[in-house]
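This report describes selected side-chain contacts, backbone angles and strand pairings. The sequence and structure are shown first.

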Amino acid sequence: MIRWTSLLALLVTFRALAIDPAMHSQSVIEDTGIDSQGLVSVNVGAGELHQQINARAIAIGTELATAGLKLRQELELQALDLNQDAQANLLGESFGRSSGLTGVNQAAGSGNQQINSFRLSLGRQRQDLDDSVLAQQLVAPAQPSGATEQPKGSRIVVTDDKAFAGSRGVVQLNQSAGVGNRSVNSLSMTVVD
């Protein structure tokens, strides 16, 4: 026989969850990639509508070498829920003592865009590279002007002191918690003989 009080309590609990639509997203990376070597590319997202890229290009030539990347992220957000709680945690010894090329994108929340870009050209002639190949576009609805109420959601980003400790080479890290954040790490190198 079903206890009616238990059933009533369960229905009240479901109703309370339906009334509070606040979103909570948490991304956790813990003790990952320790002692890694070579190329490491990690994209981690909690929430919705994130765009993350780890792009690498290497060119080696006897005369002229050109490494090129064309990256474009576009995102159109119809509505922004600024009241959500978002937290991105990079904990422990993650990527500690790594060597080589490490790229990490970590996001929590909604509509965050992140790019880690690395270009290396090895040749005998010099060629200039610029950042014009990178593009991000975020189209978000305008907030009503004169709004006095602040968002109720919390945004927390944590990077442990031990993360990346003792690493060598190139380390690229983007961490975002919240709504509609955009971040880019771009490194272009030309080495001439």
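Is D31 buried, partly exposed or exposed? In this predicted model, D31 is partly exposed, with a relative accessible area of 43%. The residue sits in the loop between β1 and β2.

**Backbone angles**

D31 is not a glycine, yet its phi is positive, at about 50°. Most residues other than glycine have a negative phi. R97 likewise is not a glycine and has a positive phi, of about 55°. The location of R97 is the loop between β5 and β6.

**Salt bridges**

The structure contains 2 salt bridges. The pairs and their closest N and O atoms are listed below.

| Pair | Closest N and O atoms |
|---|---|
| D35 and R97 | 2.9 Å |
| E93 and R97 | 3.0 Å |

Which parts of the chain does the pair of D35 and R97 tie together? D35 belongs to the loop between β1 (24–30) and β2 (37–48), while R97 belongs to the loop between β5 (85–91) and β6 (99–110), so the salt bridge ties together parts that lie 62 residues apart in sequence. R97 also forms the salt bridge with E93, and D35, E93 and R97 are thereby linked in a network of salt bridges.

How accessible are the members of this network? D35 has a relative accessible area of 43% and is partly exposed. R97 counts as partly exposed at 42% relative accessibility. For E93 the relative accessible area is 33%, and this residue too is partly exposed. R97 therefore falls in the partly exposed class, at 42%, and this residue also carries the positive phi of about 55° noted above.

**Strand pairing**

Strands of a sheet pair through backbone hydrogen bonds, either parallel or antiparallel. Here, 3 strands form an open sheet, in the order β1-β5-β9, and the pairing is parallel. β1 and β9 (155–159) are the edge strands, each pairing on one side only. From one strand to the next, the twist averages 0°.

How many bridges join β1 and β5? The two strands pair in the parallel sense over 7 bridges. As one example of a bridge partner, H24 is matched with D85 in β5.

The sheet and the salt bridges can be read together. β1 and β5 pair in parallel, and the loop between β1 and β2 and the loop between β5 and β6 hold D35 and R97, respectively. The loop between β1 and β2 is also the place of D31.

Notes: Residues are numbered from 1 along each chain as its sequence is written. This is a predicted model: local features need pLDDT of at least 70, side-chain atom pairs count only at pLDDT 80 or more; totals for chains, interfaces and linings use all residues. Side-chain values use heavy atoms; hydrogens and water are left out. A salt bridge is a side-chain nitrogen of Lys or Arg within 4 Å of a carboxyl oxygen of Asp or Glu. Helices (H or I, at least four residues) and strands (E, at least two) are DSSP runs, numbered from the N terminus. Buried means under 20% relative accessible area, exposed over 50%, partly exposed in between (1.4 Å probe, protein chains only). Two strands pair if DSSP finds at least two bridges between them. Axes are lines fitted to C-alpha atoms, for helices over the stretch in contact, and angles run from 0 to 180 degrees between N-to-C directions.
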